[in-house]
Amino acid sequence: MSNPYRWLEKSLETIHRANWYRSVKTIAGRGGAVVELEGKMVINFASNDYLGLAGDSRLIEAAVQAVREYGTGSTGSRLISGHRPLHQQLERAIAALKQTEDALVFSSGYLANLGTIAALIGARDLILGDQYNHSSLKNGAILSGAKTIDYLHNNLEDLESKLKQYRPHYRRCLITTDTVFSMDGDLCPLLELLQFAQDYEAMLLVDEAHATGVMGATGAGCVEHFNCTGAELIQVGTLSKALGSLGGYVAGSKVLIDFLRNRAPSWIYTTGLSPADTAAALAALHIVQSEPERRSTIFENVKFIKENLINQFEILPSESPILCLKVDSPKMALDYGQKLYDCGIFLPAIRPPTVPTSRLRLTVMATHELSHLEYLRSKLLG
Ligand code: PMP
């Protein structure tokens with residue numbers, strides 16, 4: 001009998017040959033603008049810690065206090081024995097930031113998307129999703145069992161023609177999109193999507209993972225950036241990027257959140273978020289609102305990089321701290337990434353199958369200093 005696992009090696013060989021192989025790299029100590037990566041100090045342009053809060057002493061202190069008071073684990077699912085006052089405080093704080101009636105905290109942003117989509121949509125329904133949506137939106141659609149169709153990236157004509165063609169044949173419809181696209185940095189056309197949702201009687205779910213804490217005057221995200229606060233829609237996000245913790249959330253109407261508490265499998269059948277993560281996210285939300293200068297610094301840094309690299313590199317259209325420098329092939333992306341690493345810059349190559357075309361993806365943080373940006377410029381242009 002042949003070994004049923006042999007195909008794994010062959011499959012890995014194929015991945016290697018295509019230059020698609022990926023492996024983890026170890027960072028010692030806390031994340032930050034400068035980190036020790038595999039024993040070498042590097043300037044970090046690969047972090048989602050946009051506001052620089054993951055190593056902030058106030059978050060650390062909040063997490064330590066929570067562990068002292070509540071222990072390390074929440075010990076059960078939220079509906080049974082895993083609900084703590086901290087969860088309620090965090091959900092209230094998210095709803096306050098988002099100006100929604102309520103919010104619900106999940107163990108990750110990925111699980112928030114999976115559970116929300118699976119709860120809202122079923123086999124008789126339709127999902128129309130942007131082709132560049134995050135994996136969690138795509139897998140949520142698969143889990144739901146609904147008819148799922150991708151529309152071309154940010155292409156309203158394509159979306160409308162698909163709504164016209166398919167919407168009449170399905171019971172419910174859900175449009176899904178990232179608000180800040182994670183591998184490109186551009187924004188979704190939120191106002192038009194809200195209009196379509198109204199015209200075609202569709203629900204709209206937006207993933208604010210990269211927008212929370214970063215976009216909008218108070219850091220409430222792209223919904224605020226586009227002046228759509230108060231619009232009827234489903235907002236999902238993460239606590240693990242600008243908020244420097246771990247976990248995900250859904251914000252929306254009271255009835256939506258009540259429904260999810262009763263129907264979202266990835267919330268009901270999993271252990272409540274740990275006290276440390278919950279408290280750290282809560283502390284981060286206070287800082288998001290009380291220190292708006294962190295957001296201003298991010299966008300000053302973005303401006304510097306755009307202005308200084310625009311003549312040498314094609315930068316994909318972006319209105320966020322995610323900037324992508326286009327390169328011609330996976331190999332070129334890897335070579336560039338390695339060359340920069342050798343100079344002490346961590347700026348990873350992103351290749352297919354994660355994205356359709358290879359690129360160097362750079363994320364800008366509030367804690368990057370001018371000297372970091374100038375060094376990056378000198379090495380990229382040199
Ligand atoms: N949505 C988007 C757009 C993301 O980029 C990510 C994280 N890469 C997630 C959801 C998942 O969030 P989390 O890391 O909290 O699972």
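**Calls and cut-offs in a predicted model**

Colleague: T148 is found in strand 6 (residues 147-151). What makes this run a strand?

Modeller: Strands are DSSP runs of E with at least two residues, helices are runs of H or I with at least four, and both are numbered from the N terminus. The model is a predicted one, in which local features need pLDDT of at least 70 and side-chain atom pairs count only at pLDDT 80 or more, while totals for chains, interfaces and linings use all residues. Residues are numbered from 1 along each chain as its sequence is written.

Colleague: Why does T148 count as buried?

Modeller: A residue is buried if 20 or more other C-beta atoms, placed from the backbone, lie within 10 Å of its own, exposed if 12 or fewer do, and partly exposed in between. T148 has 20 C-beta neighbours inside 10 Å, so it counts as buried. Leaving aside neighbours within four places in sequence, T148 is in contact with I127, G129 and A141, where contact means that the C-beta atoms, placed from the backbone, lie within 7 Å.

Colleague: Why is T229 called partly exposed, and which residues does T229 touch?

Modeller: T229 has 15 other C-beta atoms within 10 Å, which lies between the two limits, and is therefore partly exposed. T229 lies in the loop between helix 8 (222-225) and strand 9 (234-238), and, not counting residues up to four places away in sequence, touches Q99, A220, V223 and E224. T229 and Q99 are 130 residues apart in sequence, yet their C-alpha atoms are 6.8 Å apart in space.

Colleague: How do Q99 and N227 fall under the burial definition, and what is phi in each?

Modeller: Q99, in the loop between helix 3 (85-98) and strand 4 (102-106), has 13 other C-beta atoms within 10 Å and is therefore partly exposed. N227, in the loop between helix 8 and strand 9, has 12 such atoms and is therefore exposed. Phi of Q99 is near 55 degrees, a positive value in a residue other than glycine, and phi of N227 is also near 55 degrees.

Colleague: How do you know that the span of helix 4 agrees with the expected one, and what makes helix 4 largely enclosed?

Modeller: The expected span is 1.5 Å times one less than the number of residues, so the 12 residues of helix 4 (residues 109-120) should span 16 Å, and the end C-alpha atoms, 17 Å apart, agree with that. Since 11 of the 12 residues are buried, helix 4 is largely enclosed by the rest of the structure; among the buried residues are G109, Y110 and N113.

Colleague: What makes a residue part of the shell around the ligand, and how does the shell divide by class?

Modeller: A residue is near the ligand if its C-beta atom, placed from the backbone, lies within 6 Å of it; 13 residues surround the ligand, and the closest are S108, G109, H134, A209 and T238. Ala, Val, Leu, Ile, Met, Phe, Trp, Tyr, Cys and Pro count as nonpolar, Asp, Glu, Lys and Arg as charged, and the others, Gly among them, as polar. The shell divides into 2 nonpolar, 9 polar and 2 charged residues.

Colleague: Where do the domain bounds come from, and how many residues are in contact between the domains?

Modeller: The bounds come from an automatic or database domain assignment, which gives domain 1 (27-47 + 292-381) and domain 2 (57-290). Their C-alpha centres lie 27 Å apart, and 15 residues of domain 1 are in contact with 11 residues of domain 2. On the side of domain 1 that touches domain 2, strand 11 gives the most, with 3 residues.

Definitions and conventions:
Contact = placed C-beta atoms within 7 Å.
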